[in-house]
Amino acid sequence: MISRRTFVIAGAAGLAAASEIAAQKAAVARDDCVFCRIVAGTAPAHKLWEDKHFLAFLDHRPIMPGHLLIVPKDHHSYLFDMSRRDYDAILDRLHRLEPPLRNVMQAKRIGVLIEGFGVDHVHVHMIPITEKGQINRPGRADVTDEEFRAVAEKIRTRFKADLR
Ligand SMILES: [Zn+2]
């Protein structure tokens with residue numbers, strides 16, 4: 001009897017440990033994920049703003065100038081697999097970043113795009129647009145580093161002033 005009970009308890013503990021490890025894996029930074037590396041500072045990006053849970057940086061192939069990505073700092077693969085709380089938190093950050101981004105880029109609207117096949121880490125595109133159809137243009141690969149630096153500095157300064 002004693003040995004059987006011991007076995008059952010050990011089995012239950014083993015299951016708990018396995019599910020805990022799975023949960024940790026979902027949130028831990030991955031070396032093979034470029035957005036995790038940007039969050040960790042081991043891959044380059046023009047970072048614009050961050051808080052405890054999210055980071056915003058320029059898309060390296062902008063559809064329009066000021067096109068940024070906002071990502072959760074934890075690794076999540078798919079937006080709709082995130083908890084409702086984390087999902088709401090992303091929308092809250094979009095809401096906060098939209099006015100200063102639209103303002104500083106003198107855009108009529110901020111277009112939002114979520115697709116996620118390019119990099120397997122949840123990211124939301126925020127794209128300053130002034131007319132219909134702009135959001136469907138292909139991203140530009142020929143932006144110079146100087147142009148990136150200038151637009152990053154402009155947005156960073158505005159975010160710093162407007163976001164507390
Ligand atoms: Zn990642």
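**Exercise 1. Find the bridge partner of L113 in strand 5, and describe the surroundings of that partner.**

Step 1. The bridge partner of L113 in strand 5 is H125. Strands here, like helices, are DSSP runs numbered from the N terminus (E, at least two residues, for strands; H or I, at least four residues, for helices). The model is a predicted one, in which local features need pLDDT of at least 70, side-chain atom pairs count only at pLDDT 80 or more, and totals for chains, interfaces and linings use all residues. Residues are numbered from 1 along each chain as its sequence is written.

Step 2. H125 also has a bridge partner in strand 3, namely L69.

Step 3. Strand 4 and strand 5 pair in the antiparallel sense over 5 bridges, and strand 3 is joined to strand 5, also antiparallel, by 3 bridges. Two strands pair if DSSP finds at least two bridges between them.

Step 4. Leaving aside neighbours within four places in sequence, the contacts of H125 are D59, H67, L69, V112 and L113. A contact requires the C-beta atoms of two residues, placed from the backbone, to lie within 7 Å. H67 is 58 residues from H125 in sequence, yet the C-alpha to C-alpha separation is 7.0 Å.

Step 5. H125 counts as buried because 20 other C-beta atoms lie within 10 Å. The classes are: buried at 20 or more other C-beta atoms within 10 Å of the residue's own, exposed at 12 or fewer, partly exposed in between, with C-beta atoms placed from the backbone.

**Exercise 2. Determine how strand 5 and strand 3 are covered on their two sides.**

Step 1. In strand 5, V124, M126 and P128 point one way, H125, I127 and I129 the other way, and all are buried. Since 6 of the 6 residues of strand 5 are buried, the strand is largely enclosed by the rest of the structure.

Step 2. Strand 3 has 5 of its 5 residues buried. L68, I70 and P72 lie on one side of strand 3, and L69 and V71 on the other.

Step 3. Across to strand 5, I70 stands opposite V124. Towards strand 2, P72 in strand 3 is the bridge partner of F54; strand 2 and strand 3 run antiparallel and are joined by 5 bridges.

**Exercise 3. Assemble the sheet and place the helices on it.**

Step 1. The chain holds 4 helices and 5 strands, in the sequence pattern α-α-β-β-β-α-β-β-α.

Step 2. The 5 strands make an open sheet with the order 1-2-3-5-4 and antiparallel pairing. Strand 1 and strand 4 (109-113) are at the edges with a single partner strand each, so one side of each has no neighbour in the sheet. Neighbouring strands are turned by 25° against each other on average, direction ignored.

Step 3. Helix 3 lies across strand 1, strand 2, strand 3, strand 4 and strand 5, at about 20° to strand 5. Helix 4 lies across strand 1 and strand 2, at about 20° to strand 1. For such angles, axes are lines fitted to C-alpha atoms (for helices, over the stretch in contact), and values run from 0 to 180 degrees between N-to-C directions.

**Exercise 4. Which residues have the most contacts inside the largest nonpolar core, and which elements supply that core?**

Step 1. The core has 30 residues, and A56, F57, L68, I70 and M126 have the most contacts inside it. A nonpolar core is a set of buried Ala, Val, Leu, Ile, Met, Phe, Trp, Tyr and Cys residues joined through C-beta atoms within 7 Å.

Step 2. Elements giving two or more residues include helix 2 (34-40), strand 2 (54-58), helix 3 (84-104) and helix 4 (145-162). Strand 2 gives the largest share, 5 residues.

Step 3. Beyond four places in sequence, M126 is in contact with L68, I70, L94, L97, L101, I110 and V112.

**Exercise 5. Decide where the model should not be read in detail.**

Step 1. The average pLDDT of the chain is 87, and 83% of the residues score at least 70. pLDDT is the predictor's confidence in each residue, from 0 to 100.

Step 2. Over residues 1-16, pLDDT stays under 50, and the model has 0 contacts beyond four places in sequence for them.

Step 3. Where pLDDT is low, the predicted coordinates should not be read in detail.
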